[in-house]
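Student: I am new to this structure and would be grateful for a close look at a single part of it. Please take one helix and its surroundings, and then relate them to other details of the model.

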Amino acid sequence: MSGARTALVIGGGLAGPVTALALRKAGIDATVYEAYGTTADGIGGQLTVAPNGLDALGSIGAADAVTAVGQPMRRTVMANGRGRVLSEFEALPDLAPSRAMWRSELYRALHDHAAAEGVRTEHGRRLVGVDETADGVTARFADGTSATADVLVGADGIGSTVRTLIDPNAAGPSHVPLLNFGAAADITVPGEPDAAHFVFGRRAFLGYWIQPDGRTSWFGNLPHQARMTSAEARAVPAGQWLDRLREVYADDVPGRELLAHTDPARLCAFGSMEILPKVAAWHRGRMVLVGDAAHAPSSSSGQGAALAAESAVQLARCLRDLPDVPSAFAAYERLRRPRVEKVAARAARTNNTKGFGPIASAVMGLMMPLALKTVLTPEKMLGIEQRHHIDWAETVAA
């Protein structure tokens, strides 16, 4: 074993509790430190946890908590804005289906499960600096307190403080020229509750699924070249955003109906979609990155939460099996970097299709059905990502 017996996990979002659970299973006592003084209940839009993410969560006993709050997505339907189905295909039959949910539901499920397993979370601890010695690392927080452990894990998201402490020259997130919105509309549109629908509209992309309560959960990506932060997006009155979105989706099915039945109070405006460029340094000394702090493909990948879970599990296995911290961190990066960079590249290509104009969208509508019947089979599209499996019991090689 690497000699690591204790860990500081910086960041109490989604990656934080999963990392702490994985480390705990590996015999490492981990405490989560969250910058904000309160929990994130009710915050965030929609996401899916892919089968490979559920598989990784299962290896540390957290899958049941997540599947309990998510809707199974057993089919994918792609259509154009006129309602014409371009393709429809089933999920891979021998895998658990992806689970769709609101981020707040996933957050609560993971935090409740981690707490039940003995993981401690301390709120109001904003990291401002670290001090390293040969034997450990001390985190210094803005409130004047500190904590010391054998290793420090940065699970603090795409705007990671730990990433800049590891490498002051590390690149920050870049924006995708798409604004992101989400809400639950007070209407049930045609479709099955186990299907994820993706609509390439005349002017913008829209995805949706039908919730058990009869409302329709939807998210939209509006082309927008200039960067807009989430704070800037929230500063615009929701009614003003809805007017704009209703105009953009006016000619699309079912976008027109979904926007017409969306309450401004339920609209979430997230600003520009973000993606993290290649991070040169994932670790230094006794500090290491996990989840979006190290690899943040855009939400178009459908893999953000799953990749974070995979990385948490692999990091824990490496610290469990390898003789020292440097070799454990090096093996972790070797196991993870090629995979996450491939997913990020695929997500970037998906983003490009969401920004198509009317003419390009029409051409895609002609080409996609043929492609999906020939070269783009479900196995080829989904298999390489969703079949990924980590054997917790297998020993990690140096």
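Which residues in α1 meet which residues in α4?

Tutor: The model is a predicted one, and the description that follows should be read in that light. P17, V18 and L21 are the residues of α1 that meet α4, and their partners there are L110, H111, H113 and A114.

The geometry of this packing comes next. Two packed helices are described by the angle between their axes and the distance between the axes. Helix α1 covers residues 15-25 and helix α4 covers residues 103-116; their axes come within 9 Å and cross at roughly 30°. Angles under 35 degrees count as roughly parallel, and α1 and α4 are therefore roughly parallel to each other. The crossing of α1 and α4 is left-handed.

One residue on the α4 side deserves its own mention. H111 lies in helix α4 and has a relative accessible area of 11%. Buried means under 20%, so H111 is buried. Leaving aside residues up to four places away in sequence, H111 touches G12, G13, P17 and T121. Of these, P17 also belongs to the α1 residues that meet α4.

Helix α1 itself is largely enclosed by the rest of the structure, because 9 of its 11 residues are buried. These buried residues are A15, G16, P17, V18, T19, A20, L21, A22 and L23. The cover over them includes the strands β1 (6-10), β2 (29-33) and β12 (151-154), together with the helices α2 (51-58), α4 and α9 (304-321). Helix α2, one of these covering elements, is itself mostly covered, with 6 of its 8 residues buried. They are P51, N52, G53, L54, A56 and L57.

The backbone after α1 also merits attention. Most residues other than glycine have a negative phi, and most peptide bonds are trans. α1 is followed by G27, whose phi is positive, near 90°. Elsewhere, the peptide bond from V253 to P254 is cis, with omega near 0°. P254 is placed in the loop between α7 (238-248) and α8 (255-260).

Helix α7 leads to the aromatic side chains. A pair of aromatic rings is described by the distance of the centres and the angle of the planes. The model has 6 aromatic pairs, counting rings whose centres lie within 6.5 Å. In one of them, F181 and W241 have ring centres 4.9 Å apart and planes at 65°, so this pair is edge-to-face. Because F181 lies in strand β13 (residues 174-185) and W241 in helix α7, the pair ties together parts that are 60 residues apart in sequence. Both F181 and W241 are buried. Another edge-to-face pair is formed by F200 and F205, at 5.2 Å centre to centre and with 65° between the planes. F200 is buried, its relative accessible area being 13%; F205 is buried as well, at 4%. Ring pairs join F200 and F205 with F198 and F219 in a cluster.

Finally, aromatic rings also have charged groups over them. R126 lies over the face of Y36, at 5.3 Å from the ring centre. The charged end of R320 sits over the ring of W392, 5.0 Å from its centre. R320 falls within α9 (304-321), an element already named among those that cover the buried residues of α1.

Technical notes
Residues are numbered from 1 along each chain as its sequence is written. This is a predicted model: local features need pLDDT of at least 70, side-chain atom pairs count only at pLDDT 80 or more; totals for chains, interfaces and linings use all residues. Side-chain values use heavy atoms; hydrogens and water are left out. Helices (H or I, at least four residues) and strands (E, at least two) are DSSP runs, numbered from the N terminus. Rings of Phe, Tyr and Trp (its six-membered ring) pair if their centres lie within 6.5 Å; planes under 30 degrees apart count as stacked, over 60 as edge-to-face and the rest as tilted. Buried means under 20% relative accessible area, exposed over 50%, partly exposed in between (1.4 Å probe, protein chains only). A charge sits over a ring if NZ of Lys or CZ of Arg is within 6 Å of the ring centre and within 35 degrees of the ring normal. Axes are lines fitted to C-alpha atoms, for helices over the stretch in contact, and angles run from 0 to 180 degrees between N-to-C directions. Angles under 35 degrees count as roughly parallel, over 145 as roughly antiparallel, 65 to 115 as roughly perpendicular and the rest as oblique. A crossing is left-handed if the near helix is turned anticlockwise from the far one by less than a right angle, and right-handed if clockwise. Contact means heavy atoms within 4.5 Å.
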